[in-house]
Amino acid sequence: MGPKMRVAQIRSQFLEFFREKGHEVVASSPVVPHEDPTLLFANAGMNQFKSVFTGEEQRAYSRACSSQKCIRAGGKHNDLENVGYTARHLTFFEMLGNFSFGDYFKEDACAWAWELVTEKFGIDGDRIWISVYNQDDDARQIWADRVGVPVDRIVGLGDKDNFWSMGDVGPCGPCSELYIDRGEQQACGKECALGVCDCDRWMEIWNLVFMQFEQQADGSRIALPSPSIDTGMGLERITMVLQQKNTVFETDLLAGIIDRIADATGVATSTGPDGTPHRVIADHLRSLSFAIADGAFPSNEERGYVLRRILRRASRYGYKLGMETPFIHQLVGDLVSEMSDAFPELLERQPLIEKLVHAEEEQFLRTLKTGMTRFDDEVVRIGGGGQSQFPSAAAFFLHDSCGFPIDLTEQMAREVNLEVDRDGFDQLMEQQRSRSRAGSRVGVSSQETSAAASRHTGVGDTEFVGYQAIEAEAAISTLITDGDQVLLVLDRTPFYAESGGQVADTGHIEGKGFQLEVLDCQKNNEGTFFHSIRFVEGEAGQLEAGVEVNCQVDPERRQHIVRNHTATHLLHAALREVVGDHVQQKGSLVSPERLRFDVSHYEKVTSDQLLAVEEIVQQWVLRDVEVQIHDDIQIEDAKSRGAMALFGEKYGDRVRLVEVPDFSLELCGGIHCQRTGEIGPVVIVHEGSVSSGVRRIEALTGVEGARRTRADENLLQDLASTLRVPREDLKQRIEGLVTENRSLKGGKGTQPSRNLLTELDAGHGQVIRAGSAELVIATWQDAPQDQLLQVADALKRRGGDRAFILVSAGDEEVRFIVGTSESVPRGTVHAGQIAKMGAGILGGGGGGRPDMAQAGGKEVDRLAEAIDEMSRSLHDSLAGKGS
């Protein structure tokens, strides 16, 4: 082997080699596959070409190569537990790959692979072993006869190792892998052999997949008319070989970061067990940074929870190195310096990555020490009793109260030769989910209609004409009675069926001798629209197939809905402009009364930012721009124009595009205004937390927006009149009264009695839904503690599942109570732990029972942050999101 190449040279040489072989060099797709809800993260180079391999998409080239960002830390492909303990496993890595879409096949793929590794990379051919599928005689013959590999270094393996499939059905085929024999000194024993063991002697560097069959549902396979090639070579692994290192962590990609970790922690690294924390942190830093750069946020759901697990695993290893304060975010700059030339998005998003990682570290470290103490105490207790199993109750406490992902607890247990009672833990988690699900039927009517719609198939398509009209003639297809639901199916309809956050239309359907009120409209996956109806006149016997009817959508209600829907698009674009382009829609509700918009963002959207967003939206309303609808365009055309898609939504080959020229471009099947001027006044009325990493914004438009503006103006006028000052002096006058009031409270006079519960019932504070429960949050200025306790006692005794945060805010100190109502099942929430977390933010202390706790602190300026964190934790526990 020649002079050692740096990783950038290796990546470049691979891509250039295949460019010279006629391949198109394609940039890596995001590691977060926003348009593919079947994947948590990109985990192979072929992900971005999946639709090409299946024939759903055509591209201008039939050969491609890439260096793809990948994360394997969840789902089917999960290397998380092996990282730091083996020479080669990583959660983040780059996959070098070359691809043929019905062009060349096995012979060229094998010959070029051998040419690259032996001639260009200079690896001794005698060190290379080949595995083939044991039924693939073609591949075995190509390696032996065309390439010249000795037959004793070609090993046949079975389905598990050397047959690849995209899924239960679809393209599949045998594969062939190139291995480096790292020498007998790396052997695991006398029986060590390729295909027999999985030790570090046999380093797989390249996998060549020969897609030549299509798997059928009955288990049979048929030959594909145009066989294809999909290969994958781990960049870190080939770098390890070419740089003659013993592990991937010693290569130039990771060694510098590991040295920086040693500097930051003051603990020297090593190649043995003492270096495991350094290796884990270095790897996890890369996964976190690339995922955040591509739009994923740590949270309690799906890929966000995978990121949270990765961060907390890294943070715990930092704790083992003596780090009890956040430090991982300080390493982001070193990663950016190392990799931003190849991936400039790291540099562009560096501030966001640092901020998010720091916030997550800080949050976990508040409970990490408590959790570690509980874990250590449990280990001592177990050791005294001669047990070998870590109890499920303790694991559940660590998960629910201290934020320890179960795989982290399992890793800690393995380190002291214990095994977690996983079955018992899973039972406790399911009990918690069941408690949260009980009684959580909110908006039952629409849910029941939707459920009924999904149960009835084979009814036939319904033509939707509601884009063009709110009134239409139609014919009855069928009438269905499903429990309490009466569902009418028509051959065509102007009624919009609820989807994409837009609520369903309501209105009336009339025919000869009958009149029906349409209460709801839902559709199933076959495109059948089900109208939930109530008889105003007539009876069911009149609704026979073929009977003609007149359909009339409630026009005023429809207009309110479309105003709010178009405003949602403007709001989305404005948020990305003001807050940052990391903002992505996570959900919405477009109703006649208001719009509700959930977006990915790691902290509170400030008042100044909300004002700027509102002004931008209003400017576009005043411009009265035409809202352009592009029907039936190719999905790839829409993407190439920069259209935003909603993650989790499934789009077909042809889509509908809604555009406000020069400002907003989104894939959307909803109904919109014809011009932005139809929206009218837009007033943002609420911003708050839904869950970790997700903020909720609510706004009013049109008549509702005007009413809110008038109500606010009336309030100001009434206050000015009551206080007998001009409107422009109101703020100064109120501040003076507050100062005077505080001065009186500090004197010897008697403080006037207050009824905080009456104020709460009159609308003071806020109430947030959390599954079937509610979360009550209220803050008073200098409220006496005994009065807070009276409110807490009343809320505990009232019916219904409820959690609450009651705060008394003073100039120099904050005191608060966290609690739950008596009906909240035991184990759902631990008020004491949540209160302790809030007090930690405020620089204070406190705690208490699982159902009631008191705490406080003196960092008054951090009150909003403390309330936000406590409310988020309570919301997640009540809604069952802790799993």
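Biologist: Which residue does Lys-369 form a salt bridge with?
Modeller: Glu-324, and the closest N and O atoms are 3.9 Å apart. Keep in mind that this is a predicted model.

Biologist: Where in the chain do Lys-369 and Glu-324 sit?
Modeller: Lys-369 is in helix H12, residues 350–385. Glu-324 is in the loop between helix H9 (302–320) and H10, so the pair links distant parts of the chain, 45 residues apart.

Biologist: Are they buried or partly exposed, those two?
Modeller: Lys-369 is partly exposed, with a relative accessible area of 48%. Glu-324 counts as partly exposed too, at 47%.

Biologist: What about Glu-378, what does that one form a salt bridge with?
Modeller: With Arg-381, and there the closest N and O atoms are 2.5 Å apart. Both residues are in helix H12, and because they are 3 residues apart, about one helical turn separates them.

Biologist: Why would that spacing matter in a helix?
Modeller: An α-helix has 3.6 residues a turn, so residues three or four places apart point the same way.

Biologist: And Glu-378, buried or exposed?
Modeller: Buried, at 8% relative accessible area. Arg-381 is partly exposed, at 42%.

Biologist: How many salt bridges does the count come to?
Modeller: The count is 53 salt bridges. One of them joins Arg-6 to Glu-338, with the closest N and O atoms 3.7 Å apart. That pair links distant parts of the chain, 332 residues apart: Arg-6 is in the segment before helix H1 (7–20), and Glu-338 is in helix H10, residues 332–339. Arg-6 is partly exposed at 46% relative accessibility, and Glu-338 is partly exposed at 29%.

Biologist: Which residues are linked in a network of salt bridges?
Modeller: Lys-604, Glu-687, Arg-695, Asp-868, Glu-869 and Arg-872.

Biologist: Switching topic: how many disulfides does the structure hold?
Modeller: It holds 0 disulfides.

Biologist: Why is there no bond at Cys-199?
Modeller: Because the closest cysteine sulfur, in Cys-192, is 3.5 Å from the sulfur of Cys-199, which is too far for a bond. Cys-199 counts as buried, at 12% relative accessibility. Cys-402 is buried as well, at 2%.

Biologist: OK, on to the inside. Which residues touch the most other members of the largest nonpolar core?
Modeller: Phe-121, Trp-143, Leu-178 and Trp-206, out of 95 residues in that core. Helix H8, residues 276–293, gives the most to this core, with 9 residues.

Biologist: What does Leu-178 touch?
Modeller: Leaving out residues up to four places away in sequence, its contacts include Ala-113, Val-117, Ile-128, Trp-143 and Trp-206. There's also a second, separate core of 52 residues, and Val-518, Val-599, Val-621 and Val-627 are among them.

Biologist: How many residues of helix H24 are buried?
Modeller: 9 of its 11, so helix H24 (residues 831–841) is largely enclosed by the rest of the structure. Among them are Ala-831, Gln-833, Met-837 and Ile-841. Just after H24, Gly-843 takes a positive phi of about 70°.

Biologist: Last one, the outside. Which residues make the nonpolar surface patch?
Modeller: Leu-715, Leu-716, Leu-719, Ile-734 and Val-738, and the patch is about 360 Å². Helix H20 (702–723) and helix H21 (730–746) each supply at least two of its residues, with the largest share, 3 residues, coming from H20. Leu-715 is in helix H20.

Terms used. Residues are numbered from 1 along each chain as its sequence is written. This is a predicted model: local features need pLDDT of at least 70, side-chain atom pairs count only at pLDDT 80 or more; totals for chains, interfaces and linings use all residues. Side-chain values use heavy atoms; hydrogens and water are left out. Patches are made of residues with over 30% relative accessible area and no salt bridge: like charges are joined within 9 Å, nonpolar side chains (Val, Leu, Ile, Met, Phe, Trp, Tyr) within 5 Å. Accessible areas come from the Shrake-Rupley method with a 1.4 Å probe; for residues, only the protein chains shown count as cover. A salt bridge is a side-chain nitrogen of Lys or Arg within 4 Å of a carboxyl oxygen of Asp or Glu. Helices (H or I, at least four residues) and strands (E, at least two) are DSSP runs, numbered from the N terminus. A nonpolar core is a set of buried Ala, Val, Leu, Ile, Met, Phe, Trp, Tyr and Cys residues joined through side-chain atoms within 4.5 Å. Buried means under 20% relative accessible area, exposed over 50%, partly exposed in between (1.4 Å probe, protein chains only). Contact means heavy atoms within 4.5 Å. A disulfide is a pair of cysteine sulfur atoms within 2.5 Å.
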